[in-house]
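Q: Could you take me on a close look at the ligand site in this model? I would like to know which residues surround the ligand and how the protein holds contact with it.

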Amino acid sequence: MYNRHPIPNEYYPTQPSAPTVTQPANQFQVVEEIGRGSFGAVHKVIHIPTKKVMVRKDIKYGHMNSKERQQLIAECTILSQLKHENIVEFYSWDFNEQKEVLYLYMEYCSRGDLSQMIKHYKQEHKYIPEKVIWGILAQLLMALYKCHYGDDLLPLTTMYDRMKPPVRGKNVVIHRDLKPGNIFLSNEDNEDKDNKNHRNMDYSQVVVKLGDFGLAKSLEASIQFATTYVGTPYYMSPEVLMDHPYSPLSDIWSLGCVIFEMCSLHPPFQAKTYLELQKKIKAGKFEKIPEYYSDGLNLMVHSMVDVDLETRPSTFELLQDIQIRTARKSLQLERFERNLLDYENELVNIEKILERQAMEYEREYSQLKEQFVRAVEDRVSEVVNGKKIGKVPESIHGYYNKRLPRPAYHWQTRYR
Ligand SMILES: Nc1ncnc2c1ncn2[C@@H]1O[C@H](COP(=O)(O)OP(=O)(O)OP(=O)(O)O)[C@@H](O)[C@H]1O
């Protein structure tokens with residue numbers, strides 16, 4: 001058993017400084033509105049100088065007091081420093097003072113979010129393959145490791161690597177609003193291929209990105225809890241429901257609920273009224289995941305959705321699990337295989353270029369040879385016909401002197 005690390009009460013910097021990265025809004029071109037959240041619209045935009053597709057979240061700050069605004073800036077600062085491949089990247093920010101809107105520019109995730117994926121499987125009456133679920137869980141744990149300990153995990157050499165217990169992080173970030181709608185999906189290259197209407201339904205190699213960090217909290221105070229959770233707080237831990245402070249373990253509870261929902265295609269706790277739901281969450285009793293899945297996955301979910309904070313595992317403890325290690329190793333190998341394939345494609349391309357170069361070389365060589373033969377024949381006939389022998393024609397000199405561009409590779413072996 002690993003030691004649990006004390007949870008800092010506060011993760012906000014005492015002296016919030018403004019994020020260093022700002023981009024004027026006129027550098028972005030709006031492509032379309034892709035949705036609306038509780039804090040404002042979300043647009044797909046293009047950053048004109050780099051042509052990079054991004055997302056712009058508009059947050060109206062007119063109703064906030066100065067403390068809340070400061071907190072929002074502090075959170076932008078945290079987000080801009082949270083760089084991890086499984087966390088939606090925060091690029092920059094800007095605001096329109098006249099309209100009192102803050103614009104947050106973030107990584108665009110071309111495959112939608114986990115709630116859309118779950119909906120798709122529900123409509124198809126199919127279960128999400130277990131391997132996909134382990135892969136998504138492993139990626140989310142890696143993202144949470146970065147948040148909860150402020151560190152990146154080293155890649156696994158073998159599945160049995162000893163992992164050094166993390167030191168107590170200085171910048172502990174607690175997500176506090178982990179739910180399928182805040183878990184975004186993209187492809188390895190994050191290209192927006194045929195995905196406008198989520199037609200690409202192959203989720204086997206999806207890259208998971210945790211998004212919507214902390215914004216809920218800073219805005220919570222101003223627009224009230226009830227507005228933040230317009231829906232139902234299906235994923236909220238019992239301690240948070242009882243007004244105890246959030247801790248990294250609250251994220252683990254929510255993550256367990258999300259994984260349960262991926263397996264069962266509905267959240268673990270459901271009720272007709274808020275009070276009934278609260279009661280169910282506090283009791284912490286919920287069904288097993290469908291028989292389709294392994295006991296290992298069921299145990300994992302039940303260990304995370306545990307009312308007792310003493311026995312609920314931390315991110316680090318979960319990452320020790322052999323199935324999570326297997327999933328991580330498998331993700332690493334898949335990436336390695338993809339890199340090898342890219343490399344192979346590159347070699348095929350180089351070969352094609354070389355072949356084209358060699359053909360050009362051969363064509364030019366035979367043209368010169370033809371010119372030379374013709375020139376020699378002309379000269380012989382001049383001599384035979386007793387004509388006055390003039391200067392050696394240029395083409396003959398050319399044949400000897402001309403330096404042909406030689407293909408960079410192979411030419412010596414092929415055209416010697
Ligand atoms: N980085 C992103 N890449 C692609 N789509 C995104 C991104 N962020 C948000 N979206 C999409 O924009 C829409 C609104 O998202 P947003 O997170 O603001 O609100 P929400 O999750 O629907 O509600 P809430 O504000 O309560 O979390 C959703 O359809 C979401 O999938």
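A: Happy to, and here is a walk around the ligand site, starting with the ground rules.

This is a predicted model, in which local features need pLDDT of at least 70 and side-chain atom pairs count only at pLDDT 80 or more, while totals for chains, interfaces and linings use all residues. Residues are numbered from 1 along each chain as its sequence is written, and side-chain values use heavy atoms, with hydrogens and water left out.

Let's begin with the frame. The protein chain is split into domain 1 (28-107) and domain 2 (112-189 + 201-320), with bounds that come from an automatic or database domain assignment. Their C-alpha centres are 24 Å apart. Both domains take part in the ligand site: domain 1 and domain 2 each give at least three residues to the shell around the ligand.

Now for the shell itself. It holds 18 residues, and the closest are S38, E107, C109, D113 and D212; a residue is near the ligand if one of its heavy atoms lies within 4 Å of it. By type, the shell has seven nonpolar, five polar and six charged residues. Here Ala, Val, Leu, Ile, Met, Phe, Trp, Tyr, Cys and Pro count as nonpolar, Asp, Glu, Lys and Arg as charged, and the others, Gly among them, as polar.

Among the strands (DSSP runs of E, at least two residues, numbered from the N terminus), β1 (28-37) and β3 each supply at least two residues of the shell. β1 gives the most, with four residues.

Next come the polar contacts, meaning pairs of N or O atoms within 3.5 Å. Two of them use the protein backbone: a ligand nitrogen lies 2.9 Å from a polar backbone atom of E107, and a ligand nitrogen is also 2.9 Å from a polar backbone atom of C109. On the side-chain side, an N or O atom of K57 sits 3.2 Å from an oxygen atom of the ligand. Of the 610 Å² of accessible area that the ligand has on its own, the protein covers 83%; such areas come from the Shrake-Rupley method with a 1.4 Å probe.

One last stop is the loop between β2 (40-47) and β3 (52-60), where K51 lies. K51 has a positive phi of about 60° although it is not a glycine. Its side of the story is simple: K51 is exposed, at a relative accessible area of 66%, where exposed means over 50% (1.4 Å probe, protein chains only).

Conventions. Buried < 20%, exposed > 50% of the residue type's maximum accessible area, 1.4 Å probe, protein only. Polar contact = N/O pair within 3.5 Å; in protein donor to acceptor, adjacent residues only side chain to side chain.
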